[in-house]
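Here's a quick briefing to read with the structure open beside you. Take a look around first, then work through the points below.

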Amino acid sequence: MDISAERRYAEEAGVVLAGMGMPQAYGKLLGWLLICTPAAQSGAELVAALGLSKGSVSAGLRTLEASGLARRVAMPGRRGSFYEMTPDAIMRAAGSEKFTYFRQLMDRGLEVVGGEDAPGAERLRTNRDFYAFLEVEVPKLIQRFKDEQRGRSDG
């Protein structure tokens, strides 16, 4: 079966994102929404393009929409729901509160083992400190990126 370069890209995105813990079908949807033309696609178009079940597409779109990675848009002259990737989807994912959640989880782990100086606490401290670092630095990097993007579009 010969598949298009776009479909191969979506399949690759599915594999990469599955390696990060996301269901492979959701990764395929995200990959497709990054490159498809037109940028907004209906559920039926996504089913046809990706060879996924209607249920997988529906569940995937709900998840991507809830996480802010995709959004529902109107298509003038066409009926039904259409979805497109939000322009800043990856920045939203990178700048989400997950770093805070992981840092808090490490703090709770430190409480469970008996505190910062307890035997075995080093791995919790190291991970907590890493997530605390990301919690502060990632938003700065995102803002710097946005500023640089604005500078390019202004210049």
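Let's start with a pair of charged side chains: Glu137 and Lys140 form a salt bridge, with their closest N and O atoms 3.3 Å apart. Keep in mind that you're looking at a predicted model. From this pair we'll move on to other salt bridges, then to the chain as a whole, and finally to a couple of spots elsewhere.

**Pairs along helix α7**

- Glu137 and Lys140 both sit in helix α7, three residues apart, which is about one turn of the helix.
- Glu137 has a relative accessible area of 26%, so it counts as partly exposed.
- Its partner Lys140 comes out at 48% relative accessibility, so that residue is partly exposed too.
- Why does 48% not make Lys140 exposed? Because exposed means over 50%, and Lys140 is at 48%.
- Another salt bridge joins the side chains of Asp147 and Arg150, at 2.6 Å from N to O.
- Asp147 and Arg150 are also in helix α7, and because they are three residues apart, about one helical turn separates them.
- Asp147 is partly exposed, at 40% relative accessibility, and Arg150 is partly exposed as well, at 42%.

**A link between two helices**

- If you're wondering what brings such pairs about, side chains of opposite charge can pair when their charged atoms come close.
- Glu135 pairs with Arg103 in a salt bridge whose closest N and O atoms are 2.5 Å apart.
- This pair ties together distant parts of the chain: Glu135 belongs to helix α7 (residues 122–154) and Arg103 to helix α6 (residues 98–113), with their positions 32 residues apart.
- Glu135 counts as partly exposed, given its 24% relative accessibility.
- Which residues are linked in a network of salt bridges? They are Arg103, Asp107, Glu116, Arg128, Asp129 and Glu135.
- Across the structure, there are 13 salt bridges.

**The chain as a whole**

- The chain has seven helices and three strands.
- Reading from the N terminus, you'll meet its elements in the order α-α-β-α-α-β-β-α-α-α.
- The chain's radius of gyration is 20 Å, well over the 15 Å that the globule rule gives for 155 residues, so the chain is more spread out than a compact globule.
- Along its principal axes, the C-alpha trace spans about 65 × 45 × 30 Å.
- Of the 155 residues in the chain, 32% are buried.
- If you take the contacts with a separation of 6 or more, 47% of them are between residues 24 or more positions apart.
- About 9800 Å² of the chain is exposed, and carbon and sulfur atoms supply 56% of that.

**Two spots to compare: Leu34 and Ser42**

- Tyr9, Leu34 and Ile35 make a nonpolar surface patch of about 240 Å².
- You'll find Leu34 in helix α2 (residues 24–35).
- Leu34 is at 43% relative accessibility, so it counts as partly exposed.
- Ser42 is part of strand β1 (residues 41–42).
- Is Ser42 buried or exposed? At 11% relative accessibility, Ser42 counts as buried, because the cut-off for buried is under 20%.
- Leaving out residues up to four places away in sequence, Ser42 touches Ser81 and Phe82.

Key
Residues are numbered from 1 along each chain as its sequence is written. This is a predicted model: local features need pLDDT of at least 70, side-chain atom pairs count only at pLDDT 80 or more; totals for chains, interfaces and linings use all residues. Side-chain values use heavy atoms; hydrogens and water are left out. Patches are made of residues with over 30% relative accessible area and no salt bridge: like charges are joined within 9 Å, nonpolar side chains (Val, Leu, Ile, Met, Phe, Trp, Tyr) within 5 Å. Accessible areas come from the Shrake-Rupley method with a 1.4 Å probe; for residues, only the protein chains shown count as cover. A salt bridge is a side-chain nitrogen of Lys or Arg within 4 Å of a carboxyl oxygen of Asp or Glu. Helices (H or I, at least four residues) and strands (E, at least two) are DSSP runs, numbered from the N terminus. Buried means under 20% relative accessible area, exposed over 50%, partly exposed in between (1.4 Å probe, protein chains only). Contact means heavy atoms within 4.5 Å. The radius of gyration is taken over C-alpha atoms; the globule rule is 2.2 Å times the number of residues to the power 0.38.
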